[in-house]
Amino acid sequence: MKKIISVVGARPNFMKIAPIHRAFQKYKEEINHLICHTGQHYDERMSKIFFDDLELPKPDFYLGVGSGSHAEQTGAIMIEFEKVLLKENPDLIIVVGDVNSTIACSLTASKLLLPTVHVEAGLRSFDRKMPEEINRILTDTIAKYLFVTEKSGIINLKNEGISEDKVFFVGNVMIDSLIHFLPKTMTSKILDQLKIETKNYVLVTLHRPSNVDEKENLISLVNLLNNISLKRKVVFPIHPRTKNNLDAFGILSSLNPDVILTDPIGYIDFITLIKNCELILTDSGGIQEESTYLGVQCITIRTTTERPVTVDIGTNQLVGDDYIKAEQVAIEVLNGKRKQGKIPEKWDGKTAERIAEIISYKLL
Ligand code: UD1
């Protein structure tokens with residue numbers, strides 16, 4: 001029996017590991033698939049609600065590291081994860097995405113000479129001021145096998161001199177979760193709860209340090225949301241980082257009443273909100289992909305994207321950190337100037353099956 005440990009830490013990891021865990025159930029006789037939660041995200045609404053919604057089992061290991069500076073958080077995860085690896089001696093470690101848990105666990109594994117698979121490899125924003133970019137580059141350098149979501153990833157890895165036989169173009173596990181759970185959105189009551197109607201509201205998520213850590217940017221964002229709320233209701237499920245900063249700078253109360261603020265929202269309710277909105281304003285990575293799959297208009301308030309396929313063929317538009325431009329483009333979209341999009345190659349709901357098959361037949 002082979003043993004695999006998959007790592008989750010922060011909110012966007014849970015929907016990536018859920019389909020992988022499901023896919024490994026087919027190989028139960030040969031593979032024991034275990035889940036380690038680092039505890040990078042720990043609030044019920046940032047973590048447990050996703051385990052419930054995504055039908056994930058309770059993690060086999062919980063490291064409980066919590067928040068801290070980058071070094072504190074990364075270091076604490078490494079210290080705790082090393083104990084798990086020494087005790088369990090797995091045959092393979094799977095990490096996903098680009099959060100601090102991703103690099104911390106792959107680095108720990110590589111120091112113990114244990115092989116790591118990186119799912120969602122090769123994405124590059126080419127902006128090294130983003131902590132995620134550093135996490136992506138380092139993880140791809142030390143992982144033994146790399147699973148790629150879009151063709152830009154193959155090119156980026158090649159340009160970095162990474163050998164082609166480590167790289168597998170498999171598609172997008174986050175889209176697997178979306179496809180699997182879309183039918184459940186029919187049971188969600190979130191539109192009624194928020195008193196909003198299909199295709200008649202704008203959904204907003206913002207949490208990147210570049211948008212929400214400086215007072216000046218936050219004031220511009222509040223102005224942007226207030227102006228858009230004159231046209232449509234705005235739904236803003238607010239990330240703890242953003243809420244803490246709005247509070248600290250004393251500007252939370254400047255938002256118009258038509259900007260509906262909510263706590264972070266669980267997976268099924270959130271994909272219901274994406275599916276039914278008229279437009280999304282975001283700085284998230286995953287939401288650029290989910291909106292492209294669903295053909296929903298998306299404006300990304302960032303200067304770069306590591307997911308260029310969502311702009312090249314999807315419904316995503318990158319407006320930079322220019323909040324005036326964001327407002328102009330948003331108003332154009334609300335006035336009917338919609339971007340047509342297509343679904344990227346291999347975003348078909350079967351990525352995790354491909355990953356499990358490659359791992360069990362070729363890599364173990
Ligand atoms: C992390 C990821 C980011 C990802 C995001 C998704 C890194 C470097 N960043 O950013 O790539 O897009 O998750 O949400 O890994 N907090 C809580 N409760 C929680 C978790 C966090 O209140 O359950 C607060 C704490 O004040 C913490 C702050 O949010 O200091 C930031 O959390 P952290 O995990 O450091 O980074 P995120 O901004 O969530």
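**Note on the ligand site, the parallel sheet and two loop residues**

1. Around the ligand there are 19 residues, of which His41, Asp43, Asn100, Glu132 and Arg241 come nearest, a residue being near a molecule if one of its heavy atoms lies within 4 Å of it. The model is a predicted one, in which local features need pLDDT of at least 70 and side-chain atom pairs count only at pLDDT 80 or more, while totals for chains, interfaces and linings use all residues. Residues are numbered from 1 along each chain as its sequence is written, and side-chain values use heavy atoms, with hydrogens and water left out.

2. Oxygen atoms of the ligand have polar partners in the protein: a polar side-chain atom of Gln40 lies 2.8 Å from one ligand oxygen, an N or O atom in the side chain of His41 is 2.8 Å from a ligand oxygen, and for an N or O atom in the side chain of Arg241 the distance is 2.7 Å. Taken alone the ligand exposes 740 Å², and the protein buries 87% of that, with accessible areas taken from the Shrake-Rupley method with a 1.4 Å probe.

3. The open sheet consists of 6 strands in the order β10-β9-β8-β11-β12-β13, and the pairing is parallel; strands are DSSP runs (E, at least two residues), as helices are (H or I, at least four), numbered from the N terminus, and two strands pair if DSSP finds at least two bridges between them. Because β10 (259-262) and β13 (316-318) each have a single partner strand, they stand at the edges, and one side of each is left without a neighbour in the sheet.

4. Strand β9 (residues 233-237) is joined to the parallel β10 by 4 bridges, and Phe236 stands opposite Leu261 in β10.

5. Asn172, in the loop between β7 (167-169) and α7 (173-181), counts as buried because its relative accessibility is 1%, where buried means under 20% relative accessible area, exposed over 50% and partly exposed in between (1.4 Å probe, protein chains only). The side chains of Asn172 and Glu289 are joined by a polar contact of 3.0 Å; such a contact is a pair of N or O atoms within 3.5 Å, and within protein one must be able to donate a hydrogen and the other to accept it, residues adjacent in sequence counting only if both atoms are side-chain atoms.

6. Pro57, found in the loop between α2 (48-53) and β3 (61-62), counts as partly exposed at 33% relative accessibility. Leaving out residues up to four places away in sequence, Pro57 touches His21, Ile35 and Phe51, contact meaning heavy atoms within 4.5 Å.
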